[in-house]
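Reader: Hello! I have a model open on my screen and would love a close look at one part of it. Could you take me through it slowly?

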Amino acid sequence: MAARDKRLGLIVNPKAGLGGSVGLKGSDGADIQKQALALGAVPRALDRTIQALKVLVPLRDELEIITCPGEMGANAAVACRFEPRVIGTITPGQTTAADTCRGAEEMLGLGVRLLLFAGGDGTARDIYRAVGANLPVLGIPAGVKIHSAVYATHPRSAGELAALYLQGRSTLLREAEVMDMDEDAVRQGIVSTRLCGYLKIPFHRTLVQSLKSASPSGEQHSADEIACAVIDQMAEDWIYIIGPGTTTRAIASRLGLTKTLIGVDVILNRKLLDADVNEKRLLELLEGHKAKIVISPIGGQGYLFGRGNQQISTQVLQRVGKENLIVVSTLDKIISLRGRPFLVDTGSHAMDEMLNGYIKVVTGYDETTVYQVAH
(Lines give C-alpha, C1' and ligand atoms only; values in the text may rest on other atoms or scores of the structure.)
Protein backbone atom coordinates (compact mmCIF):
# COMPACT_ATOMS: atom_id res chain seq x y z
CA MET A 1 0.00 0.00 0.00
CA ALA A 2 1.36 3.42 -0.89
CA ALA A 3 2.37 5.78 1.89
CA ARG A 4 -0.46 8.14 0.95
CA ASP A 5 -2.98 5.37 1.61
CA LYS A 6 -1.79 5.19 5.23
CA ARG A 7 -2.09 8.92 5.84
CA LEU A 8 -4.23 9.51 8.95
CA GLY A 9 -5.59 12.86 10.06
CA LEU A 10 -6.01 13.48 13.81
CA ILE A 11 -7.90 16.29 15.56
CA VAL A 12 -8.55 16.48 19.30
CA ASN A 13 -11.01 18.85 20.94
CA PRO A 14 -9.18 19.36 24.26
CA LYS A 15 -12.28 20.83 25.91
CA ALA A 16 -14.53 17.87 25.07
CA GLY A 17 -16.21 16.21 28.04
CA LEU A 18 -15.27 18.89 30.58
CA GLY A 19 -18.85 19.42 31.71
CA GLY A 20 -19.65 15.75 32.33
CA SER A 21 -18.53 14.87 35.83
CA VAL A 22 -19.46 18.33 37.15
CA GLY A 23 -23.03 18.03 35.86
CA LEU A 24 -23.06 20.84 33.28
CA LYS A 25 -24.81 18.82 30.52
CA GLY A 26 -22.12 19.62 27.97
CA SER A 27 -18.92 21.55 27.30
CA ASP A 28 -19.82 23.97 24.50
CA GLY A 29 -18.78 27.59 24.96
CA ALA A 30 -15.93 29.34 26.76
CA ASP A 31 -18.08 30.32 29.76
CA ILE A 32 -19.21 26.73 30.41
CA GLN A 33 -15.65 25.46 30.00
CA LYS A 34 -14.39 28.02 32.49
CA GLN A 35 -17.16 27.09 34.92
CA ALA A 36 -16.37 23.38 34.53
CA LEU A 37 -12.69 23.91 35.32
CA ALA A 38 -13.61 26.04 38.35
CA LEU A 39 -15.76 23.15 39.60
CA GLY A 40 -12.79 20.79 39.35
CA ALA A 41 -13.38 19.19 35.95
CA VAL A 42 -10.45 17.24 34.53
CA PRO A 43 -9.87 17.21 30.74
CA ARG A 44 -10.23 13.69 29.37
CA ALA A 45 -9.89 14.04 25.59
CA LEU A 46 -6.11 13.49 25.64
CA ASP A 47 -6.32 10.22 27.57
CA ARG A 48 -9.12 8.91 25.38
CA THR A 49 -7.21 9.78 22.21
CA ILE A 50 -4.15 7.96 23.54
CA GLN A 51 -6.31 4.88 24.18
CA ALA A 52 -7.28 4.89 20.50
CA LEU A 53 -3.79 5.58 19.17
CA LYS A 54 -2.22 2.78 21.23
CA VAL A 55 -4.13 0.31 19.06
CA LEU A 56 -2.42 1.82 16.01
CA VAL A 57 1.12 1.53 17.39
CA PRO A 58 1.83 -1.71 15.40
CA LEU A 59 1.29 0.37 12.23
CA ARG A 60 3.72 3.08 13.34
CA ASP A 61 6.32 2.42 10.62
CA GLU A 62 3.76 2.60 7.80
CA LEU A 63 1.44 5.26 9.14
CA GLU A 64 1.82 9.01 8.67
CA ILE A 65 -0.19 11.03 11.15
CA ILE A 66 -1.08 14.59 10.17
CA THR A 67 -2.36 16.55 13.12
CA CYS A 68 -2.80 19.94 14.79
CA PRO A 69 -0.32 21.35 17.33
CA GLY A 70 -0.11 20.47 21.00
CA GLU A 71 -3.36 19.73 22.80
CA MET A 72 -5.25 19.40 19.49
CA GLY A 73 -3.45 16.21 18.49
CA ALA A 74 0.34 16.35 18.51
CA ASN A 75 0.62 15.70 22.25
CA ALA A 76 -1.40 12.49 21.98
CA ALA A 77 0.52 11.28 18.92
CA VAL A 78 3.91 11.94 20.52
CA ALA A 79 2.78 10.21 23.73
CA CYS A 80 2.32 7.06 21.63
CA ARG A 81 5.77 7.55 20.05
CA PHE A 82 4.50 8.57 16.64
CA GLU A 83 6.35 11.30 14.75
CA PRO A 84 3.41 13.35 13.46
CA ARG A 85 3.41 15.99 10.77
CA VAL A 86 2.03 19.06 12.54
CA ILE A 87 0.04 21.64 10.58
CA GLY A 88 -1.37 25.05 11.43
CA THR A 89 -1.15 27.06 14.62
CA ILE A 90 -3.31 27.31 17.75
CA THR A 91 -3.37 29.39 20.91
CA PRO A 92 -2.80 26.87 23.74
CA GLY A 93 -5.66 26.82 26.21
CA GLN A 94 -7.87 28.88 23.90
CA THR A 95 -8.75 26.52 21.06
CA THR A 96 -12.04 27.03 19.25
CA ALA A 97 -14.38 25.39 16.75
CA ALA A 98 -12.67 27.47 14.06
CA ASP A 99 -9.38 25.65 14.81
CA THR A 100 -11.14 22.32 14.32
CA CYS A 101 -12.65 23.42 11.01
CA ARG A 102 -9.38 24.82 9.67
CA GLY A 103 -7.49 21.68 10.61
CA ALA A 104 -10.07 19.39 8.99
CA GLU A 105 -10.14 21.45 5.79
CA GLU A 106 -6.35 21.36 5.52
CA MET A 107 -6.24 17.61 6.13
CA LEU A 108 -8.81 17.10 3.39
CA GLY A 109 -6.55 19.06 1.04
CA LEU A 110 -3.54 16.98 2.07
CA GLY A 111 -5.29 13.77 1.08
CA VAL A 112 -5.58 11.94 4.40
CA ARG A 113 -7.34 8.61 3.95
CA LEU A 114 -9.19 8.83 7.25
CA LEU A 115 -9.75 11.65 9.76
CA LEU A 116 -9.86 10.50 13.36
CA PHE A 117 -11.28 13.10 15.76
CA ALA A 118 -11.90 13.16 19.51
CA GLY A 119 -14.83 15.06 20.95
CA GLY A 120 -18.59 15.02 21.29
CA ASP A 121 -21.59 16.08 19.24
CA GLY A 122 -20.35 19.66 18.90
CA THR A 123 -17.01 18.49 17.50
CA ALA A 124 -18.79 16.20 15.04
CA ARG A 125 -20.86 19.18 13.91
CA ASP A 126 -17.68 21.19 13.30
CA ILE A 127 -16.09 18.35 11.32
CA TYR A 128 -19.24 18.09 9.20
CA ARG A 129 -19.16 21.81 8.45
CA ALA A 130 -15.55 21.53 7.35
CA VAL A 131 -15.48 18.39 5.20
CA GLY A 132 -19.05 17.17 4.76
CA ALA A 133 -19.13 13.77 3.08
CA ASN A 134 -15.90 14.42 1.15
CA LEU A 135 -13.66 12.47 3.55
CA PRO A 136 -14.13 9.32 5.66
CA VAL A 137 -14.00 10.22 9.35
CA LEU A 138 -14.40 8.43 12.68
CA GLY A 139 -15.04 9.84 16.14
CA ILE A 140 -13.23 8.91 19.34
CA PRO A 141 -15.91 9.39 22.04
CA ALA A 142 -14.76 12.05 24.48
CA GLY A 143 -17.79 14.29 24.93
CA VAL A 144 -20.66 14.45 27.41
CA LYS A 145 -23.74 14.03 25.22
CA ILE A 146 -22.95 11.78 22.28
CA HIS A 147 -26.14 11.34 20.30
CA SER A 148 -24.42 11.18 16.90
CA ALA A 149 -23.81 7.88 15.09
CA VAL A 150 -20.34 8.87 13.86
CA TYR A 151 -18.51 7.67 16.98
CA ALA A 152 -16.93 4.37 17.87
CA THR A 153 -18.37 2.54 20.88
CA HIS A 154 -15.17 3.10 22.87
CA PRO A 155 -11.78 4.79 22.26
CA ARG A 156 -10.14 1.40 21.72
CA SER A 157 -12.86 0.53 19.20
CA ALA A 158 -11.98 3.71 17.28
CA GLY A 159 -8.37 2.55 17.06
CA GLU A 160 -9.40 -0.96 16.01
CA LEU A 161 -11.72 0.25 13.26
CA ALA A 162 -9.19 2.83 12.02
CA ALA A 163 -6.58 0.06 11.74
CA LEU A 164 -8.96 -2.23 9.87
CA TYR A 165 -9.87 0.54 7.44
CA LEU A 166 -6.31 1.74 6.82
CA GLN A 167 -5.14 -1.83 6.20
CA GLY A 168 -7.96 -2.44 3.74
CA ARG A 169 -9.46 -5.18 5.93
CA SER A 170 -12.72 -3.26 6.37
CA THR A 171 -13.85 -1.24 3.38
CA LEU A 172 -17.53 -0.64 4.12
CA LEU A 173 -18.44 3.04 4.42
CA ARG A 174 -21.83 4.43 5.43
CA GLU A 175 -23.40 7.81 6.00
CA ALA A 176 -24.02 8.41 9.70
CA GLU A 177 -26.07 11.08 11.41
CA VAL A 178 -24.50 14.10 13.09
CA MET A 179 -26.87 15.21 15.84
CA ASP A 180 -26.55 18.08 18.25
CA MET A 181 -28.45 19.17 21.32
CA ASP A 182 -29.25 22.67 22.51
CA GLU A 183 -27.24 22.64 25.76
CA ASP A 184 -28.89 25.81 27.12
CA ALA A 185 -32.32 24.19 26.64
CA VAL A 186 -31.13 20.99 28.34
CA ARG A 187 -30.04 22.99 31.39
CA GLN A 188 -33.67 24.18 31.57
CA GLY A 189 -34.94 20.59 31.38
CA ILE A 190 -35.90 20.72 27.71
CA VAL A 191 -34.44 18.08 25.38
CA SER A 192 -34.07 19.53 21.88
CA THR A 193 -31.91 17.71 19.32
CA ARG A 194 -31.51 18.41 15.62
CA LEU A 195 -29.97 16.69 12.63
CA CYS A 196 -26.99 18.70 11.40
CA GLY A 197 -26.08 16.44 8.48
CA TYR A 198 -24.26 13.23 7.62
CA LEU A 199 -20.62 12.17 7.76
CA LYS A 200 -19.09 9.22 5.94
CA ILE A 201 -17.62 6.69 8.38
CA PRO A 202 -16.01 3.22 8.21
CA PHE A 203 -18.62 0.83 9.54
CA HIS A 204 -18.44 -2.28 11.67
CA ARG A 205 -21.57 -3.21 13.61
CA THR A 206 -19.82 -4.01 16.89
CA LEU A 207 -17.36 -1.10 16.80
CA VAL A 208 -19.62 1.87 15.97
CA GLN A 209 -22.32 3.21 18.26
CA SER A 210 -25.88 3.63 17.07
CA LEU A 211 -27.91 6.82 16.92
CA LYS A 212 -29.56 7.68 20.23
CA SER A 213 -33.32 7.14 19.98
CA ALA A 214 -36.14 8.58 22.07
CA SER A 215 -38.44 6.37 24.13
CA PRO A 216 -41.75 5.62 22.37
CA SER A 217 -44.75 7.38 23.92
CA GLY A 218 -46.44 4.01 24.52
CA GLU A 219 -43.78 2.97 27.05
CA GLN A 220 -45.28 5.00 29.91
CA HIS A 221 -47.28 2.07 31.34
CA SER A 222 -44.16 -0.14 31.40
CA ALA A 223 -42.14 2.65 33.01
CA ASP A 224 -44.80 3.06 35.71
CA GLU A 225 -44.68 -0.67 36.50
CA ILE A 226 -40.89 -0.51 36.74
CA ALA A 227 -41.17 2.51 39.05
CA CYS A 228 -43.52 0.65 41.39
CA ALA A 229 -41.15 -2.32 41.50
CA VAL A 230 -38.17 -0.14 42.43
CA ILE A 231 -40.08 1.91 45.02
CA ASP A 232 -41.46 -1.18 46.76
CA GLN A 233 -37.89 -2.42 47.26
CA MET A 234 -36.44 0.86 48.54
CA ALA A 235 -34.66 0.38 51.86
CA GLU A 236 -34.81 2.86 54.71
CA ASP A 237 -31.77 5.11 55.21
CA TRP A 238 -30.20 4.11 51.89
CA ILE A 239 -29.66 6.78 49.28
CA TYR A 240 -30.80 6.05 45.74
CA ILE A 241 -28.79 7.73 43.00
CA ILE A 242 -31.22 8.12 40.12
CA GLY A 243 -29.66 8.41 36.66
CA PRO A 244 -31.02 10.39 33.69
CA GLY A 245 -33.85 9.35 31.40
CA THR A 246 -37.60 8.95 31.06
CA THR A 247 -37.64 5.43 32.56
CA THR A 248 -35.99 6.62 35.77
CA ARG A 249 -38.09 9.80 35.79
CA ALA A 250 -41.16 7.61 36.35
CA ILE A 251 -39.71 6.60 39.74
CA ALA A 252 -39.56 10.21 40.91
CA SER A 253 -43.01 10.92 39.49
CA ARG A 254 -44.52 8.00 41.44
CA LEU A 255 -43.04 9.49 44.60
CA GLY A 256 -44.45 12.93 43.78
CA LEU A 257 -40.97 14.31 43.10
CA THR A 258 -39.67 16.35 40.18
CA LYS A 259 -36.85 14.57 38.34
CA THR A 260 -34.02 16.35 36.56
CA LEU A 261 -34.48 14.75 33.14
CA ILE A 262 -30.90 15.11 31.89
CA GLY A 263 -29.24 14.94 35.27
CA VAL A 264 -28.64 12.83 38.38
CA ASP A 265 -30.83 13.17 41.49
CA VAL A 266 -30.60 11.57 44.93
CA ILE A 267 -33.50 10.13 46.95
CA LEU A 268 -33.42 9.22 50.65
CA ASN A 269 -36.39 7.63 52.43
CA ARG A 270 -38.54 8.33 49.35
CA LYS A 271 -37.87 12.06 49.52
CA LEU A 272 -35.59 14.19 47.35
CA LEU A 273 -32.28 14.66 49.12
CA ASP A 274 -30.54 16.59 46.33
CA ALA A 275 -31.16 17.36 42.67
CA ASP A 276 -28.93 17.64 39.61
CA VAL A 277 -25.81 16.63 41.53
CA ASN A 278 -22.26 16.39 40.22
CA GLU A 279 -19.54 13.85 41.01
CA LYS A 280 -18.16 15.84 43.94
CA ARG A 281 -21.56 16.06 45.62
CA LEU A 282 -22.22 12.35 45.11
CA LEU A 283 -18.93 11.47 46.78
CA GLU A 284 -19.84 13.73 49.72
CA LEU A 285 -23.22 12.04 50.13
CA LEU A 286 -21.63 8.60 49.96
CA GLU A 287 -19.46 9.40 52.99
CA GLY A 288 -22.38 8.92 55.35
CA HIS A 289 -24.77 6.61 53.52
CA LYS A 290 -25.14 3.22 51.98
CA ALA A 291 -26.27 3.62 48.39
CA LYS A 292 -27.77 2.08 45.29
CA ILE A 293 -27.62 3.41 41.74
CA VAL A 294 -30.70 3.23 39.51
CA ILE A 295 -29.75 3.46 35.84
CA SER A 296 -31.43 2.88 32.50
CA PRO A 297 -29.71 2.17 29.14
CA ILE A 298 -29.74 4.89 26.50
CA GLY A 299 -32.32 4.10 23.84
CA GLY A 300 -30.87 2.82 20.58
CA GLN A 301 -27.30 2.79 21.96
CA GLY A 302 -27.50 0.70 25.12
CA TYR A 303 -25.00 2.67 27.21
CA LEU A 304 -25.32 2.29 30.97
CA PHE A 305 -22.34 4.46 31.91
CA GLY A 306 -20.12 6.91 30.05
CA ARG A 307 -22.72 8.81 28.02
CA GLY A 308 -24.51 11.74 29.63
CA ASN A 309 -24.09 10.48 33.20
CA GLN A 310 -20.38 11.03 33.87
CA GLN A 311 -21.36 12.38 37.32
CA ILE A 312 -21.65 8.69 38.24
CA SER A 313 -17.90 8.33 37.92
CA THR A 314 -15.54 5.44 38.45
CA GLN A 315 -14.99 6.66 42.03
CA VAL A 316 -18.73 6.72 42.68
CA LEU A 317 -19.15 3.24 41.20
CA GLN A 318 -16.30 1.91 43.33
CA ARG A 319 -17.95 3.26 46.49
CA VAL A 320 -21.38 1.83 45.61
CA GLY A 321 -20.31 -1.52 44.15
CA LYS A 322 -21.70 -3.56 41.27
CA GLU A 323 -23.96 -5.48 43.65
CA ASN A 324 -25.86 -2.25 44.36
CA LEU A 325 -26.67 -1.34 40.75
CA ILE A 326 -30.33 -1.45 39.76
CA VAL A 327 -30.72 -1.50 35.98
CA VAL A 328 -34.21 -0.67 34.72
CA SER A 329 -35.43 -0.88 31.12
CA THR A 330 -38.62 -1.45 29.21
CA LEU A 331 -38.66 -4.58 27.07
CA ASP A 332 -39.15 -2.42 23.97
CA LYS A 333 -35.88 -0.65 24.67
CA ILE A 334 -34.04 -3.97 25.02
CA ILE A 335 -35.63 -5.37 21.86
CA SER A 336 -34.58 -2.24 19.94
CA LEU A 337 -30.92 -3.16 20.56
CA ARG A 338 -31.41 -6.22 18.31
CA GLY A 339 -29.19 -8.43 20.40
CA ARG A 340 -26.42 -5.87 20.93
CA PRO A 341 -25.25 -5.80 24.57
CA PHE A 342 -25.53 -2.97 27.03
CA LEU A 343 -22.33 -0.91 26.89
CA VAL A 344 -20.08 0.74 29.47
CA ASP A 345 -17.35 3.32 28.78
CA THR A 346 -16.40 4.72 32.16
CA GLY A 347 -12.89 5.81 31.18
CA SER A 348 -11.39 3.13 33.42
CA HIS A 349 -10.51 -0.21 31.85
CA ALA A 350 -10.59 -1.90 35.26
CA MET A 351 -14.08 -0.55 35.99
CA ASP A 352 -15.35 -1.52 32.53
CA GLU A 353 -14.01 -5.03 33.12
CA MET A 354 -15.70 -5.19 36.52
CA LEU A 355 -19.05 -4.23 34.98
CA ASN A 356 -18.61 -6.72 32.13
CA GLY A 357 -20.74 -9.85 32.10
CA TYR A 358 -24.45 -10.26 32.78
CA ILE A 359 -26.73 -8.14 34.92
CA LYS A 360 -30.30 -8.39 36.17
CA VAL A 361 -32.67 -5.86 34.59
CA VAL A 362 -36.02 -4.79 36.05
CA THR A 363 -38.47 -4.74 33.14
CA GLY A 364 -41.82 -4.54 34.98
CA TYR A 365 -43.51 -5.28 38.29
CA ASP A 366 -42.20 -8.68 39.44
CA GLU A 367 -40.57 -8.97 36.01
CA THR A 368 -36.83 -9.18 35.42
CA THR A 369 -34.48 -10.45 32.78
CA VAL A 370 -30.73 -10.97 32.52
CA TYR A 371 -28.81 -9.10 29.85
CA GLN A 372 -25.20 -8.91 28.69
CA VAL A 373 -22.95 -5.94 29.47
CA ALA A 374 -19.85 -5.33 27.34
CA HIS A 375 -17.29 -2.61 26.64
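In what order do the nine strands of the open sheet run, and what is their pairing? Please show me what surrounds that sheet too.

Author: Happy to! One thing to keep in mind throughout is that this is a predicted model.

The nine strands follow the order S10-S9-S8-S11-S13-S15-S16-S14-S12, and the pairing is mixed. At the edges stand strand S10 (271-274) and strand S12 (303-305); each has a single partner strand, so one side of each is left without a neighbour in the sheet. From one strand to the next, the twist averages 35°.

A good place to begin tracing is the S10 edge. Strand S9 (residues 265-268) is joined to S10 by three bridges, and these two strands run antiparallel. To find one of the paired positions, look for Leu-268, whose bridge partner in S10 is Lys-271.

Now for the helices against this sheet. Helix H8 packs on it and touches strand S11 (290-295), strand S13 (325-328) and S15, with a direction that makes about 110° with that of S15. Helix H9 (residues 246-254) lies across S8, S11 and S13, and runs at about 130° to S11. Both S11 and S13 therefore appear in the contacts of H8 and also in those of H9, by the 4.5 Å heavy-atom cut-off used for contacts.

Two loops linked to strands of this sheet deserve a click. Between helix H8 (220-232) and strand S8 (238-242) there is a loop that holds Asp-237. Although Asp-237 is not a glycine, it has a positive phi of about 65°. The other loop lies between strand S15 (357-364) and strand S16 (367-374), and Asp-366 is found there. Asp-366 is likewise not a glycine and has a positive phi, here of about 60°. With a relative accessible area of 73%, Asp-366 counts as exposed, because the cut-off for that is over 50%.

Next, the nonpolar interior. In soluble globular proteins, nonpolar side chains tend to be buried together. A core of 60 residues is the largest nonpolar one here, and the members touching the most others are Ile-11, Leu-53, Leu-56, Leu-116, Ile-127, Val-137 and Val-150. Helix H6 gives the most to this core, with seven residues. There is also a second, separate core of 31 residues, which includes Ile-241, Leu-283, Val-316 and Val-344. Ile-241 falls within the residue range of S8 (238-242), so you can reach that second core from the sheet you asked about.

For comparison, have a look at the other sheet. It is open as well, with five strands in the order S3-S2-S1-S4-S5, and its pairing is parallel. Its edge strands are strand S3 (85-86) and strand S5 (137-141), each of which pairs on one side only. Five bridges join strand S1 (residues 7-12) to strand S4 (residues 114-119), and the two run parallel. Ile-11 has Phe-117 as its bridge partner in S4, and Ile-11 is also one of the core residues named above.

Leu-116 is another of those core residues. Leaving aside neighbours within four places in sequence, its contacts include Leu-8, Gly-9, Leu-10, Ile-11, Leu-53 and Leu-56. Leu-138, Ile-140, Ala-158 and Ala-162 are also among the contacts of Leu-116.

This sheet has its helices too. Helix H4 (residues 97-109) lies across S1, strand S2 (64-67) and S4, running at about 175° to S1. Helix H6 (residues 155-166) lies across S1, S4 and S5, at about 160° to S5. In helix H5 (residues 121-131) you will find Asp-126. Asp-126 is buried, because its relative accessible area of 6% is under 20%. Not counting residues up to four places away in sequence, Asp-126 touches Ala-97, Thr-100 and Cys-101.

Since you work at the bench, a word on cysteines. The structure holds zero disulfides. Cys-68 counts as buried at 4% relative accessibility, and Cys-196 is buried too, with a relative accessible area of 16%.

Finally, the wider view: the chain has 13 helices and 16 strands. Of its 375 residues, 58% count as buried. The chain exposes about 15,600 Å², of which carbon and sulfur atoms supply 48%.

Technical notes. Residues numbered from 1 in each chain as written. Predicted model: local features only at pLDDT ≥ 70, side-chain atom pairs only at ≥ 80, totals over all residues. Heavy atoms only, no water. Helix = DSSP H or I, 4+ residues; strand = E, 2+ residues; numbered from the N terminus. Buried < 20%, exposed > 50% of the residue type's maximum accessible area, 1.4 Å probe, protein only. Areas by Shrake-Rupley, 256 points an atom, 1.4 Å probe, with all protein chains shown as cover. Pairing = 2+ DSSP bridges. Axes fitted to C-alpha atoms, helices over the stretch in contact; angles between N-to-C directions. Core = buried A, V, L, I, M, F, W, Y, C linked by side-chain atoms within 4.5 Å. Disulfide = S-S within 2.5 Å.
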